[in-house]
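This report describes one protein chain for a reader who has not seen it before. The sequence and the model come first, and the description follows.

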Amino acid sequence: MEIKLSLKPSKYWMAEVAEQFGTEAESPTEFYHTEGNSFIKLNAMLFDREVSVLLGELCWYKPLNTVKEAQNTNDYWTLTFVQSEDAHTYYLLDNKTKQKTQTHKSTVLYSSKMAIDTHWPIGKRSRFVAISFHREWLYDKLGISVDNLNNYSPFINLLTSEVGVYLQGVSFFEQSISLDKLFEGSSSFTWKLLAQAQCYKLIADFISQIGRNDSEMHLNRINQNDLKQIEEIESRYFIVNKPLPNLEFLASEANMSLSKFKKCFKQVYGLPPYEYHLNQKLEVAKNQLLQNKWTVSEIASNLGYTSAANFDKAFKKKFMVSPTRMLKEI
């Protein structure tokens, strides 16, 4: 099922989404729909007349993808954060290229000239926030003169480019806040004000993080043959309950040098191979713990850990809580 999801505010904003599901929206800014165990919930807001925010939470038990269509202008940019229980997939399209990234957590900045096709994991919960803004609004907030943009960071250069996209995997989430605060207390009369502050903080944190390491700033350009090779390697060898082969072997299978393989893999998935594989394991472990069907030892064994202590150490490093403690708090 494909749903067109506009990020441009209008009085028919949610009504247009509801129509595609054959139902009606609660209001111009709210939509909630269920089908059996599946659900999708959207909440839209407009700040400062130039910033639109779309919060979404969904769990759909059939194939579902949402499409943001391209516009003729490059003046608007969208910063999107996604957290999923299983991997979601982005397809980013412009007139010349088609790019793909697949991960549990993602940060994507893209221009309004790009079409974005997001495929959601089946039967797994996902949350996202999409913050769209006019680039001159951001220049104004940052105190930047539009007549002298060349003296600023690569981030600003990206905003002034004709077409551009910045992709980032889970690293932003490892160093920043989770999205949970945006989805808490939505019934409170102060929630919209708090949500606005939180969204602006996300923008500021994103700019600050990539500004600390301009060398990581890139237009994510990878040729289609290399992309295909990396995706095939990920699909064939990155299995959560099996050890990851050494990188020299994986690079050879991809017909790449070791350095090129590591660079291309990080471009596509946002993390180095071993870290990506470890995150896969730990995300699965967390989901299994939350289901409360297995013991910690059973989960560790199922994921290929020969030592429960090693599993406990890796889990606690990522989630700041031991698996035993998480299990007790369910």
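## Helix 11 and the residue after it

Just after helix 11, M320 takes a positive phi of about 60 degrees. The model is a predicted one, and the values below were computed from it. M320 is not a glycine, although its phi is positive. Most residues other than glycine have a negative phi. The residue sits in the loop that runs between helix 11 and helix 12 (323–329). Because its relative accessible area is 69%, and the cut-off for exposed is over 50%, M320 counts as exposed.

Helix 11 itself covers residues 308–319. At 1.5 Å a residue, its twelve residues should span 16 Å, and the end C-alpha atoms are indeed 16 Å apart, so the expected and computed lengths agree. The buried residues of this helix are F311, A314, F315, K318 and F319. These buried residues cover an arc of only 110 degrees around the axis, and therefore lie on the same side of helix 11. A309, K313 and K317, on the other side of helix 11, are exposed. At the N-terminal end the helix is capped by S307, which has a side-chain oxygen 3.3 Å from the backbone nitrogen of A309.

## Other positive phi values

Two further residues with positive phi are N255 and G143. N255 has a phi near 60 degrees and is a residue other than glycine. Its place is in the loop between helix 7 (247–253) and helix 8 (258–269). N255 is exposed because its relative accessible area is 64%, where over 50% is required. G143 follows helix 2, and its phi is positive, near 70 degrees. Within helix 2, the buried residues are R135, W137, L138 and Y139.

## The chain as a whole

The secondary structure of the chain consists of twelve helices and ten strands. The chain has 330 residues, of which 49% count as buried. Among contacts with a separation of 6 or more, 68% are between residues 24 or more positions apart.

## Nonpolar cores

In soluble globular proteins, nonpolar side chains tend to be buried together. In this chain the largest nonpolar core has 28 residues, and V53, V129, I131 and F133 have the most contacts inside it. Strands 3 (38–47), 4 (51–59), 6 (76–93) and 9 (126–134) each give two or more residues to this core, as do helix 2 (135–142), helix 3 (154–160) and helix 5 (191–212). Helix 5 contributes the largest share, seven residues. Another core lies apart from this one; it has 26 residues, including L7, Y90, W120 and A130.

## Strand pairing

Strand 6 pairs with strand 9 and with strand 8. Strand 6 and strand 9 run antiparallel and are joined by nine bridges. In this pairing S84 has S126 of strand 9 as its bridge partner. Strand 6 also pairs with strand 8 in the antiparallel sense, over five bridges. Here L93 stands opposite A115 in strand 8.

## T118 and W294

What surroundings does T118 have, leaving aside its neighbours within four places in sequence? T118 belongs to strand 8 (residues 115–120), and it is in contact with L64, N65, T66, T89 and Y90. Y90 is also one of the residues of the 26-residue core. Since its relative accessibility is 6%, T118 counts as buried; the cut-off is under 20%.

W294 lies in the loop between helix 9 (273–291) and helix 10 (296–302). Its contacts, again without neighbours within four places in sequence, are Q288, I299, N302 and L327. W294 and L327 are 33 residues apart in sequence, while their C-alpha atoms are 9.6 Å apart in space. With a relative accessibility of 29%, W294 counts as partly exposed.

The accessibility values given above for single residues are listed here.

| Residue | Relative accessibility | Class |
|---|---|---|
| T118 | 6% | buried |
| W294 | 29% | partly exposed |
| N255 | 64% | exposed |
| M320 | 69% | exposed |

Conventions: Residues numbered from 1 in each chain as written. Predicted model: local features only at pLDDT ≥ 70, side-chain atom pairs only at ≥ 80, totals over all residues. Heavy atoms only, no water. Core = buried A, V, L, I, M, F, W, Y, C linked by side-chain atoms within 4.5 Å. Buried < 20%, exposed > 50% of the residue type's maximum accessible area, 1.4 Å probe, protein only. Helix = DSSP H or I, 4+ residues; strand = E, 2+ residues; numbered from the N terminus. Expected span 1.5 Å × (residues − 1). Arc of directions from axis to C-beta. Polar contact = N/O pair within 3.5 Å; in protein donor to acceptor, adjacent residues only side chain to side chain. Contact = heavy atoms within 4.5 Å. Pairing = 2+ DSSP bridges.
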